[in-house]
Amino acid sequence: MVASLQIPVRIWIEKHDIESKNPDACDVIVKMEDDTLHTAVFVTLPYLARQMDLSYEVGKGIPYNPPVHYAALETPHIIVPNLDRDTIEDTIDNLLALDIFENLFTRVTEDDGAEVAPSRTGKLATKEVAAVVLNEVLMVMEDTPTTVA
């Protein structure tokens, strides 16, 4: 068992409007038992295909540039078969058990310019960034804290 294993106390998953029957990406925020927040984007294979198609279309519009299908992802993206709550929670549980959660999620810091001990990967976001995401991410089950163990 991993000594540094933490337990999530709440998970926020971005809700999509009713018109979007099969969303292909959503923001996820995880609050750990030590009150730290972590964020990542969960995506499906259709999301990657759409990104590749967009790159191809952009390439076609640039003279003397060969159009190419590709997806270049800068922020942490976790690829899953679907965006069901159970799939996301089980994935988080698995990442924690394998001790790679902090490699894929970005930890949110207290201050914008303060010296903060980085996570193992050094990926940090500010509280301001998390506040924007929290305002855009709607809680799926607001009354019941989610624990993944």
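**Around His38 and strand β3**

His38 stands opposite Arg107 in β5, and that pairing is a handy place to start on this predicted model. His38 sits in strand β3. At 3% relative accessibility, under the 20% cut-off, His38 counts as buried. Apart from residues up to four places away in sequence, His38 touches Val28, Ile29, Val30, Met32, Phe101, Glu102, Phe105, Thr106 and Arg107. The side chain of His38 also makes a polar contact, at 3.2 Å, with the side chain of Thr36.

Now for the strand itself. Seven of the seven residues of β3 are buried, so the strand is largely enclosed by the rest of the structure. In a regular strand, side chains alternate between the two faces of the sheet. In β3 both faces are covered: Leu37, Thr39, Val41 and Val43 are buried on one side, and His38, Ala40 and Phe42 are buried on the other.

Several strands pair with β3. With β2, the pairing is antiparallel and runs over seven bridges. Within it, Ala25 has Val43 of β3 as its bridge partner, while Val30 is partnered by His38. β2 and β3 make a hairpin with four residues between them. With β5 (residues 106-108), β3 again pairs in the antiparallel sense, over two bridges. The pairing of β3 with β4 is parallel, over three bridges, and there Phe42 has Ile78 of β4 as its bridge partner.

One step further out, β2 pairs with β1 in the antiparallel sense over five bridges. Ile11 has Val30 in β2 as its bridge partner, and Val30 is in turn the bridge partner of His38 in β3. Six of the eight residues of β2 are buried, so β2 too is largely enclosed by the rest of the structure.

What lies against these strands? In soluble globular proteins, nonpolar side chains tend to be buried together. Here the largest nonpolar core has 17 residues, and Val28, Val30, Phe42, Ile92, Phe101 and Phe105 touch the most other members. At least two residues of this core come from each of β1 (8-13), β2, β3 and α2 (85-97). A second, separate core of five residues includes Ala25, Val43, Tyr47 and Leu48. Ala25 and Val43 turn up here as well as in the β2–β3 pairing, where they are bridge partners.

The aromatic residues add some detail to the picture. A search of the whole structure turns up two aromatic pairs. In one of them, the ring centres of Phe101 and Phe105 are 4.2 Å apart and the planes are at 15 degrees, so the pair is stacked. Phe42 joins Phe101 and Phe105 in one aromatic cluster. With 3% relative accessibility, Phe101 is buried, and Phe105 is buried as well, with a relative accessible area of 1%. Leaving out neighbours within four places in sequence, Phe101 is in contact with Val30, Met32, His38, Ile92, Leu95 and Leu96.

Two loop residues have a backbone worth a look. Most residues other than glycine have a negative phi. Asp35, in the loop between β2 (25-32) and β3 (37-43), has a positive phi near 70 degrees. Asp35 is part of the turn of the hairpin described above. Tyr64 also has a positive phi, near 60 degrees, and belongs to the loop between α1 (45-60) and β4 (77-79). At 87% relative accessibility, over the 50% cut-off, Tyr64 counts as exposed.

Finally, a word on confidence. The mean pLDDT of the chain is 77, and 65% of its residues reach 70 or more. Over residues 112-122 the pLDDT is below 50, and this stretch has 15 contacts in the model beyond near neighbours in sequence. Residues 137-149 also stay under 50, and for them the model has 34 contacts beyond four places in sequence. Where pLDDT is low, the predicted coordinates should not be read in detail.

Technical notes. Residues numbered from 1 in each chain as written. Predicted model: local features only at pLDDT ≥ 70, side-chain atom pairs only at ≥ 80, totals over all residues. Heavy atoms only, no water. Phe/Tyr/Trp six-rings, centres within 6.5 Å; stacked < 30°, edge-to-face > 60°. Buried < 20%, exposed > 50% of the residue type's maximum accessible area, 1.4 Å probe, protein only. pLDDT = per-residue confidence, 0-100. Contact = heavy atoms within 4.5 Å. Polar contact = N/O pair within 3.5 Å; in protein donor to acceptor, adjacent residues only side chain to side chain. Core = buried A, V, L, I, M, F, W, Y, C linked by side-chain atoms within 4.5 Å. Pairing = 2+ DSSP bridges.
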